[in-house]
Amino acid sequence: MRRFIPFLPKPAFVPVIRLGGTIGTGARSLNDEALAPLIEKAFRIKPTAVALQVNSPGGSAVQSSLIAARIRRLADEKKVPVHAFVEDVAASGGYWLACAADDIWVDHSSIVGSIGVIFASFGFPELMARHGIERRVVTAGRSKSFADPFLPQKPEDVERLKALQGPIHQAFIDHVQRSRGARLDQTADLFNADIWVGQQSVDLGLTDGVAHLVPKLKALYGDKVKPLPFGRRRSLFQRLGLSLADETLGALEDRALWARYGL
């Protein structure tokens, strides 16, 4: 009937972009290249608002920044409000993504925060020595073997890593402060990579309240609001349940990130 009566108001519709998984450049991960078409389409169809379903333990700082910047740029250009809804976790890069929204809503048990930067590796020099294995390295440029896991850890390498992490951590802090502004508890130490649960994150101003996606969208835009799921297409290998060696390694890396939050 509406097609013949154009002056009737159209129901509000809200694309729901799912941001679930670790953040990185692999085929399994959230990254700007894979998400760009979805994000662009969500804003191009003139929505009432855009919702983000966030469930991520983090990953690449650069990919987090690129995805969040794309969402924020389009939201500002199109004058479209963005709402983030956290599921199990929005930690580290996951919280970076959530901060692309105008407001952030959590479950009572959602884990939020981890505003920090980590570099993790393993060291094998003693194991190699016990088995008579010698590491031979020839480089041009003294930093080429920097933080080599097969050589003993050097204090100067640790200091260099900390110096590299500093600007990345500051970029994360700046992003959160721009997004959350005066809502942040100015008396709390929010940027030490700690995590908080549900209402704790609300009390600190990291999030805006406890709410779930459909009821909150109805409260904001009326009972006839139409959430439209936007998700990435899985590859043929993923649809058939097949995997390659790099997919297996990627799965192990993903599991390690999720395990940090008991998931």
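# Exercises on a predicted model

D32 is found in helix α1, which covers residues 32–44. Keep in mind as you work that this is a predicted model.

## Exercise 1: Two residues that touch across helices

Decide whether D32 and R70 are buried or exposed, and find which residues each one touches.

Solution, step by step:

1. Begin with D32. Its relative accessible area is 11%. Buried means under 20%, so D32 is buried.
2. Next, take R70, which has its place in helix α2. Its relative accessible area is 19%, so R70 is buried too, under that 20% cut-off.
3. Now list the contacts, leaving out residues up to four places away in sequence. D32 touches Q63, L66, I67 and R70.
4. Do the same for R70, again without residues up to four places away in sequence: R70 touches D32, A36, I39 and E40. D32 and R70 thus appear in each other's lists.

## Exercise 2: How two helices pass

Describe how α1 and α2 are arranged, and name the residues that make the contact.

Solution, step by step:

1. Two packed helices are described by the angle between their axes and the distance between the axes.
2. Here the axes of α1 and α2 come within 10 Å and cross at roughly 15°.
3. Angles under 35 degrees count as roughly parallel, so α1 is roughly parallel to α2.
4. The crossing in which α1 passes α2 is right-handed.
5. On the α1 side, the contact is made by D32, L35, A36, I39, E40 and F43. On the α2 side are Q63, L66, I67, R70, I71, R73, L74, A75 and K78.

## Exercise 3: Into the core

Find which residues touch the most other members of the largest nonpolar core, and which elements give two or more residues to this core.

Solution, step by step:

1. In soluble globular proteins, nonpolar side chains tend to be buried together.
2. The largest nonpolar core has 44 residues, and those touching the most other members are L19, F43, L52, I71, Y95 and L206.
3. The elements giving two or more residues to this core are β1 (13–20), α1, β2 (50–56), α2 (61–78), β3 (82–91), α3 (93–98), β4 (103–106) and α5 (155–180).
4. Apart from it lies another core of eleven residues, including V14, V16, W105 and V225.
5. Look at F43: not counting residues up to four places away in sequence, F43 touches V50, I71, L74, A75, K78, V80 and V82.
6. Follow one of those contacts to V82, which is found in strand β3. V82 counts as buried because its relative accessibility is 0%.
7. Beyond its neighbours within four places in sequence, V82 is in contact with F43, V50, L52, I71, A75, A101, D102 and D103.

## Exercise 4: A residue in a loop

Locate D107, classify its exposure, and find its contacts.

Solution, step by step:

1. D107 is in the loop between β4 and β5 (111–113).
2. Its relative accessibility is 26%; partly exposed lies between 20% and 50%, so D107 counts as partly exposed.
3. Leaving aside neighbours within four places in sequence, D107 is in contact with V86, G198, V210 and H212.
4. Compare chain and space: D107 and Q199 are 92 residues apart along the chain, yet their C-alpha atoms are separated by 8.3 Å.

## Exercise 5: The whole protein

How many helices and strands are there, and what share of the residues is buried?

Solution, step by step:

1. The protein has nine helices and eight strands.
2. Of its 263 residues, 40% are buried.
3. Among contacts between residues at least 6 apart in sequence, 75% join residues at least 24 apart.

Terms used. Residues numbered from 1 in each chain as written. Predicted model: local features only at pLDDT ≥ 70, side-chain atom pairs only at ≥ 80, totals over all residues. Heavy atoms only, no water. Helix = DSSP H or I, 4+ residues; strand = E, 2+ residues; numbered from the N terminus. Buried < 20%, exposed > 50% of the residue type's maximum accessible area, 1.4 Å probe, protein only. Contact = heavy atoms within 4.5 Å. Core = buried A, V, L, I, M, F, W, Y, C linked by side-chain atoms within 4.5 Å. Axes fitted to C-alpha atoms, helices over the stretch in contact; angles between N-to-C directions. Parallel < 35°, antiparallel > 145°, perpendicular 65-115°, else oblique. Left-handed = near helix turned anticlockwise from the far one by under 90°.
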